[in-house]
Amino acid sequence: MPATSATTTGPKTSRPVRKQAAPRVRNGPRGGRKREFTTRRGLLIAAFMAPAAIFVAVFTYYPMIAGSQMAFRHWDLNDLTDTSWVGLDNFHRVFSDPNWGTVLGNTGVWVIGSIVPQLVIGFALALWLRRRFRFRGVYQALIFFPWAISGFLIGILFRWMFNSEFGVVNDLLQKAGLIDEPVAWLADPHKAMIAVLIANIWYGVTFFAIMILAALQSVPDELYEAAALDGAGKARTLFQITIPYIRVTLVLTVLLRVIWIFNFPDLIFGMTGGGPNNQTHIVTTWMIKITQQGDYGKASALGLLVVAGLLLFTVFFLLATREKREVRS
Amino acid sequence: MRRRTAALALGTAAAMVLTGCSAMSPNANGTVTLNMVESLTNPSRTDLLKGLIADFEKQNPKIKVNLISPPTEQADQKIQQMLQSGSGVDALEVRDITVGPWSNNGWLYDMAKDLKGWQGWNAMTENAVKASEDAKGRTFFVPYGFYGLSLFYRKDLIKDAGFSKPPASWDQLLKQASAINDPAKRRYGYAFRGGANANSNATAIIEAYVADKVDLANGYKLKNGRTIFSAPEALDALKTYLTLFKKASPKSSVSWGYPEMVEAFSNGSTAFLLQDPEVIATVSESKSISKEQWDTAPLVAGPSGKTVQPLATAGWGIAKGSKHKAETVKLIKFLSQGKASTDFTKKNSLVPILKSATEDPFYKTGPWSSYVTMTKHPDTYLNVSQPRGVTWWSEWEQKSDADVQKMVTGKMSPKELLTGWDAYWTKKWEQEK
């Protein structure tokens with residue numbers, strides 16, 4: 001591209017070099033200001049960023065590095081007299097743990113079983129809230145309210161709601177004639193998993209609704225008017241106008257939510273503590289449980305696996321969605 | 001101009017970092033400030049401790065005590081992290097289940113020399129003096145009281161069910177609890193412990209069933225050297241316990257820990273609760289059941305008519321990294337004798353460490369009388385030490401709690417559970433040799 005435009009302004013031999021400097025001119029009134037930008041301004045930015053950078057280094061990167069080396073050592077708080085190098089033994093202990101399969105399966109169920117309903121319901125709510133109607137603000141406030149509550153608190157709240165003896169869920173189901181006797185929701189592993197998923201879906205719908213509503217408000221009305229003139233129905237308008245227009249927001253929201261849900265032990269901890277029989281543990285709650293047992297070596301190994309897994313997922317997800325954007329454009 | 005701004009920004013950043021660093025260094029103004037961390041926290045207990053600390057500070061104006069009270073669930077983990085860092089803790093709450101790993105890691109200070117010849121020892125009960133010393137004669141903590149099980153029961157409910165007195169044995173408890181249990185009325189017989197620390201109550205019934213054979217020095221061992229889990233009576237015990245869950249307990253109690261059990265008894269929905277004495281204070285404050293409706297009975301016995309009373313304890317210790325050991329010893333002495341100790345055990349509902357307390361009318365009346373009964377009959381209520389100080393106790397708790405849950409949800413039979421527990425302890429003791 002620069003070579004083509006260069007041919008229009010001067011001799012071919014010298015133009016490409018001079019043309020490469022052209023973007024610098026855009027940064028200031030004169031081309032020579034580029035050097036000033038990289039030194040003084042750069043120093044200024046670095047100076048202002050220094051305190052934050054130091055804090056991040058001390059409180060984020062140092063613990064990460066320190067934690068990483070624990071993954072290769074025998075690091076048990078109950079016996080710190082031996083912290084010798086054990087190589088990959090901690091990783092081996094993670095993979096050979098009888099709970100590993102359940103934990104991994106639960107994590108998949110937890111992420112997919114949460115994200116899909118959250119996206120669908122959140123989308124529907126956002127579409128509904130985009131329309132103008134009476135008391136829309138009140139409805140918006142009510143729908144967005146759960147996002148302001150801590151995950152652990154929601155876990156405790158739902159634990160009582162799903163309590164087999166005194167919980168409101170069984171009470172309502174019995175009054176509605178849907179069950180004859182109380183269901184022991186949190187005493188049965190499968191039902192407990194369903195219960196935590198319901199709680200998480202309720203909690204996370206809000207985030208999708210907020211993000212999608214914000215994106216929907218950027219879709220020009222002219223597009224809908226044009227679609228209506230072309231005779232497009234509601235479904236066609238949704239799939240050919242709305243979704244493509246807000247696609248970037250959808251992709252990023254799904255990516256963020258997958259990472260957050262994967263790393264969201266609070267609700268499960270508050271609601272079931274990973275029980276009964278360790279059957280509702282996901283990777284992060286299990287990691288916390290191992291930490292509570294004092295086995296920091298095994299917990300750190302699991303932590304590294306989580307980081308690696310999420311990094312891989314992020315890279316593949318972004319690559320996959322970028323390719324689609326390029327094909328579309 | 002920009003150079004000047006950059007220099008100003010760098011200077012500000014440096015000042016912020018330096019200020020942060022200087023705030024971390026100790027402030028030497030002549031007064032010693034001790035950091036004290038408690039473990040079994042609750043708001044009223046923290047207030048009680050603050051009151052005692054205020055009295056100590058009045059007597060020792062050059063010593064200030066900063067009480068740190070992390071939430072109970074995470075407290076021991078927080079203390080571990082603080083101890084591991086090597087500074088920031090002077091006095092701390094040490095429990096019989098944490099003293100093993102913490103002393104093994106070299107985090108606790110041995111106070112034996114500092115407390116040699118201390119008058120306070122003479123005022124203490126034999127149990128308290130014994131609990132303050134480990135097998136090697138080291139003192140890593142001075143107990144502030146004891147936790148022991150008694151049976152909390154509903155007087156009105158057992159009367160309505162046609163029983164004249166509270167159960168004295170596990171069999172009677174099963175019978176009464178089953179008779180009272182009526183889920184349709186949301187009334188349950190027994191507050192079952194299936195969640196955190198579920199192993200403790202399961203072990204309590206096993207110990208009761210093998211009371212005649214148990215090694216008094218090690219509550220998990222029989223006199224023949226094998227584990228209590230290997231005895232045939234242990235299987236009968238667990239079968240009874242499982243029936244108690246199935247016939248007389250709420251289904252959700254499969255995940256009940258301390259708060260849920262105590263809440264269920266306090267709100268009037270369960271008739272029986274096996275708990276430590278500090279629950280007396282909690283239940284006394286209940287607005288759902290009146291003082292006339294409940295009482296405590298001695299710990300229920302096994303088929304031999306005897307039972308085992310595993311006294312759990314905790315106390316105050318000193319971090320090895322403390323720079324103010326002399327002052328901290330002073331604080332621990334203060335808390336472990338006289339009015340401070342009596343106030344703490346009375347208001348926190350603990351079995352006292354002082355001999356004089358046994359004569360106190362407070363401990364002879366109402367819910368406390370069952371503890372006096374147990375103390376008066378040591379041949380029936382055998383005082384046994386459990387191996388709670390071993391370094392693998394935390395691992396054992398995790399394993400055994402999960403196994404109890406598996407058993408009550410039908411994923412493991414009582415026999416499989418006992419075989420696993422027997423193998424676990426046998427292997428650990430072999431490794432220890």
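**Exercise 1. Describe the stretch 104–317 of chain A.**

Step 1. Over residues 104–317, chain A is 74% helix and 0% strand. The C-alpha atoms at the two ends of this stretch are 20 Å apart.

Step 2. Now turn to the record. An unreviewed UniProt entry gives residues 104–317 of chain A the annotation "domain: ABC transmembrane type-1".

Step 3. Keep in mind as you work that this is a predicted model.

**Exercise 2. Work out how many residues of chain A and chain B are in contact, and how much area the two chains bury between them.**

Step 1. Begin with the contacts: 35 residues of chain A meet 34 residues of chain B.

Step 2. Next comes the area. The size of an interface is often given as the accessible area lost when the parts come together. Here chain A and chain B bury about 3100 Å² between them, and 55% of it is on carbon and sulfur atoms.

Step 3. Look for the residues of chain A that lose the most area to chain B. They are A:N78, A:E165 and A:N277, which together make up 22% of what that side buries.

**Exercise 3. Find which elements and which classes of residue make up the side of chain A that touches chain B.**

Step 1. Count the polar contacts between the chains: there are twelve residue pairs, with both residues at pLDDT 80 or more.

Step 2. List the elements of chain A that give two or more residues to this side. They are α4 (33–70), α8 (151–161) and α15 (283–292).

Step 3. Pick out the main contributor. The largest share, eight residues, comes from α4(A).

Step 4. Sort the residues by class. The side of chain A that touches chain B has 17 nonpolar, ten polar and eight charged residues.

**Exercise 4. Explore the salt bridges across the interface of chain A and chain B.**

Step 1. Recall the idea behind the search: side chains of opposite charge can pair when their charged atoms come close. The rule finds three salt bridges across this interface.

Step 2. Take one pair, B:E260 and A:R159, whose closest N and O atoms are 3.5 Å apart. Is each partner buried or exposed, or in between? With a relative accessible area of 13%, B:E260 is under the 20% cut-off and so is buried. A:R159, at 25%, counts as partly exposed. B:E260 lies in helix α11 (residues 258–266) of chain B and A:R159 in helix α8 of chain A, so this pair joins two chains.

Step 3. Take another pair, B:R186 and A:D171, which meet at 3.7 Å, N to O. B:R186 sits in the loop between α8 (170–180) and β6 (188–190) of chain B, while A:D171 is in helix α9 (residues 168–175) of chain A, so here too the pair joins two chains. B:R186 is partly exposed at 33% relative accessibility, and A:D171 is partly exposed at 24%.

**Exercise 5. Follow a salt bridge inside chain A, from A:D295 to A:R93.**

Step 1. Over all chains, the count comes to 21 salt bridges. In one of them, the closest N and O atoms of A:D295 and A:R93 are 2.8 Å apart.

Step 2. Why does this pair tie together distant parts of the sequence? A:D295 is in the loop between α15 and α16 (296–328), and A:R93 is in helix α5 (residues 89–96), so the pair links parts that are 202 residues apart in sequence.

Step 3. Check the surroundings. A:D295 is buried at 14% relative accessibility, and A:R93 is partly exposed at 27%.

Step 4. Widen the view: A:D89, A:R93 and A:D295 are linked in a network of salt bridges.

**Exercise 6. Describe the surroundings of B:T328 and B:G148.**

Step 1. Place B:T328 in helix α13 (residues 325–335) of chain B. This residue is buried, with a relative accessible area of 0%.

Step 2. List what B:T328 touches, leaving out residues up to four places away in sequence: B:L34, B:D90, B:A91, B:I318 and B:S322.

Step 3. Move to B:G148, in the loop between β4 (142–147) and β5 (150–154) of chain B. B:G148 counts as buried, at 1% relative accessibility.

Step 4. With the same sequence neighbours left out, B:G148 touches B:Q275, B:D276, B:P277, B:Q309, B:L311 and B:Y371.

Step 5. Compare sequence with space: B:G148 and B:E278 are 130 residues apart along the chain, and their C-alpha atoms are separated by 9.4 Å.

Notes: Residues are numbered from 1 along each chain as its sequence is written. Chains are lettered from A and ligands numbered from 1 in the order in which they are written. This is a predicted model: local features need pLDDT of at least 70, side-chain atom pairs count only at pLDDT 80 or more; totals for chains, interfaces and linings use all residues. Side-chain values use heavy atoms; hydrogens and water are left out. Contact means heavy atoms within 4.5 Å. Buried area is the accessible area (1.4 Å probe) that two parts lose on being put together, summed over both. A salt bridge is a side-chain nitrogen of Lys or Arg within 4 Å of a carboxyl oxygen of Asp or Glu. A polar contact is a pair of N or O atoms within 3.5 Å; within protein, one must be able to donate a hydrogen and the other to accept it, and residues adjacent in sequence count only if both atoms are side-chain atoms. Helices (H or I, at least four residues) and strands (E, at least two) are DSSP runs, numbered from the N terminus. Ala, Val, Leu, Ile, Met, Phe, Trp, Tyr, Cys and Pro count as nonpolar, Asp, Glu, Lys and Arg as charged, and the others, Gly among them, as polar. Buried means under 20% relative accessible area, exposed over 50%, partly exposed in between (1.4 Å probe, protein chains only). UniProt positions are given in the numbering used here, feature names are shortened, and annotations may be inferred rather than shown by experiment.
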